[in-house]
Amino acid sequence: MYDYFLGGKDSFPADVAAARKVQDRQPIIRAASRENRYFLRRAVRYLAELGIDQFLDLGTGLPTQGTVHEIATGARVVYVDHDPMVIAHAHALMIGGDEHRVRIIEGDAREPHTILDHPQVVRHLDFDRPLGVLMLGLLHFIRDQEGAGDVVSEFVRPLVPGSYLAISHGTLDGFDTRLVADVRLVYENAMSYQMRTRAQISRFFTGLDMVEPGLVPATDWRPDGVTEGVPGDKIGLLAGVGVVP
Ligand SMILES: C[S@@+](CC[C@H](N)C(=O)[O-])C[C@H]1O[C@@H](n2cnc3c(N)ncnc32)[C@H](O)[C@@H]1O
């Protein structure tokens, strides 16, 4: 569905049908998906400029322009997704001449230890040095009853000071309640899904210091002029970066 929203051509017909239903009810979803990718680019660039040279990207999604290792040129990256189609495409399209820097593994973020203990992760990333963990557009697919809060803290626990956690997350704060119920229905038929309020998303950063400007609409996080032009309060996507003190 996300690939469809981004204008890609790699979706199954069933996903396109569900995506169209969401888009009919919530036309902003296309711009929000693009803004999410713009946030990814700004956040990764920001971290790379601070010297972060290794990333764990959880819920990578189909490879699309501006993947993490293309933005942070020179960094080592492990991409993780639980969707076998994403993994197949990633292997086919993403690595190019960067085999030495990039690893792609199939894994479920709801089971952090299976990812943190994965031989590719253990060999490729050095947890004794600062690391960037990315959870962009991921956590709204992990419900509270599946332990979303514990998932985040288990990924943060092994990080040394100076490591970063970036999150972007869907929110329906301020949206019309009828629309919210309608969109929820479409998504819930397709997948496990939970939008959260700003306060709920803030809790994922417990124990971390927030990088300026904090948890804000994705459009407002260190903007660089590349934007779909939608006001932050209409985008339905909050984003922030925290640092391990
Ligand atoms: C909306 S896309 C976001 C892609 C990318 N991170 C971005 O921000 O542009 C969400 C991705 O998370 C993946 N995903 C959802 N739940 C997951 C889980 N429990 N473990 C790993 N990946 C998951 C989906 O397969 C999908 O590829």
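**Group meeting: a walk through a predicted model**

Okay, let's begin at the ligand. Twenty residues, or 20 if you're taking notes, surround the ligand, and the closest are Gly59, Gly61, Ala109, Leu136 and Gly137. Two elements give two or more residues to that shell: helix α3, residues 29-49, and strand β2, residues 76-81. Which element gives the most to the shell? That's α3, with three residues. If you sort the shell by class, you get nine nonpolar, six polar and five charged residues.

One thing to keep in mind from here on: this is a predicted model.

Now let's step back to the whole chain. You're looking at 11 helices and eight strands. The C-alpha atoms fill a box of roughly 50 × 40 × 35 Å, taken along the principal axes. How does the radius of gyration fit with a compact globule? For 245 residues, a compact globule would come out near 18 Å, and this chain has 17 Å, so the two agree. Buried residues make up 37% of the 245 residues. And here's something about how the chain folds back on itself: take the contacts between residues at least 6 apart in sequence, and 72% of them join residues at least 24 apart.

So what's inside? The largest nonpolar core has 55 residues. The ones with the most contacts inside that core are Leu56, Leu58, Leu134, Met135, Ala166 and Ile167. Helix α3 turns up again here, since the largest share of the core, eight residues, comes from α3. Let's zoom in on Met135. Apart from its neighbours within four places in sequence, Met135 is in contact with Leu58, Gly59 and Ile167. You've met Gly59 already, as one of the residues closest to the ligand.

Let's stay with α3 a moment and pick out Ser33, which sits in that helix. Is Ser33 buried or exposed? Ser33 counts as buried, because there are 23 C-beta neighbours inside 10 Å and the cut-off for buried is 20 or more. Leaving out neighbours within four places in sequence, Ser33 is in contact with Tyr2, Phe5 and Leu6. Now look toward the other end of the numbering: Ser33 and Leu237 are 204 residues apart along the chain, yet their C-alpha atoms are separated by 8.9 Å.

Next stop, helix α8, residues 148-156. Within α8, Ala148, Val151 and Val152 are buried. Why do we say these line one face of the helix? Looking down the axis of α8, the buried residues fall within an arc of 95°, so they line one face. What do they pack against? The buried residues of α8 pack against α6, residues 112-116.

Val152 also takes us to another spot. The C-alpha atoms of Val152 and Arg203 are separated by 9.8 Å, with their positions 51 residues apart along the chain. Arg203 lies in the loop between α10, residues 198-202, and β6. Arg203 counts as exposed, because it has 12 C-beta neighbours inside 10 Å and exposed means 12 or fewer.

Let's do a middle case: His124, in helix α7, residues 119-124. His124 is partly exposed, as there are 18 other C-beta atoms within 10 Å. Skipping neighbours within four places in sequence, its contacts are Arg76, Val78 and Arg103. His124 and His100 are 24 residues apart in sequence and 9.2 Å apart in space, C-alpha to C-alpha.

Phe141 is partly exposed too, with 18 other C-beta atoms within 10 Å. You'll find Phe141 in the loop between β4, residues 132-136, and α8. From Phe141 to Asp233 it's 92 residues along the chain, and 22 Å between C-alpha atoms.

Last, some backbone oddities. As background, most residues other than glycine have a negative phi, and most peptide bonds are trans. Which peptide bond is cis here? The one from Glu212 to Pro213, with omega near 5°. Pro213 is in the loop between β6, residues 209-210, and β7, residues 216-217. Then there's Arg222, which has a positive phi of about 45° although it is not a glycine. Arg222 sits in the loop between β7 and α11, residues 232-235. And Arg222 is partly exposed, with 15 other C-beta atoms within 10 Å.

That's my tour, thanks for listening!

Methods. Residues are numbered from 1 along each chain as its sequence is written. This is a predicted model: local features need pLDDT of at least 70, side-chain atom pairs count only at pLDDT 80 or more; totals for chains, interfaces and linings use all residues. A residue is near a molecule or strand if its C-beta atom, placed from the backbone, lies within 6 Å of it. Helices (H or I, at least four residues) and strands (E, at least two) are DSSP runs, numbered from the N terminus. Ala, Val, Leu, Ile, Met, Phe, Trp, Tyr, Cys and Pro count as nonpolar, Asp, Glu, Lys and Arg as charged, and the others, Gly among them, as polar. Two residues are in contact if their C-beta atoms, placed from the backbone, lie within 7 Å. A nonpolar core is a set of buried Ala, Val, Leu, Ile, Met, Phe, Trp, Tyr and Cys residues joined through C-beta atoms within 7 Å. The radius of gyration is taken over C-alpha atoms; the globule rule is 2.2 Å times the number of residues to the power 0.38. The arc is that of the directions from the helix axis to the C-beta atoms.
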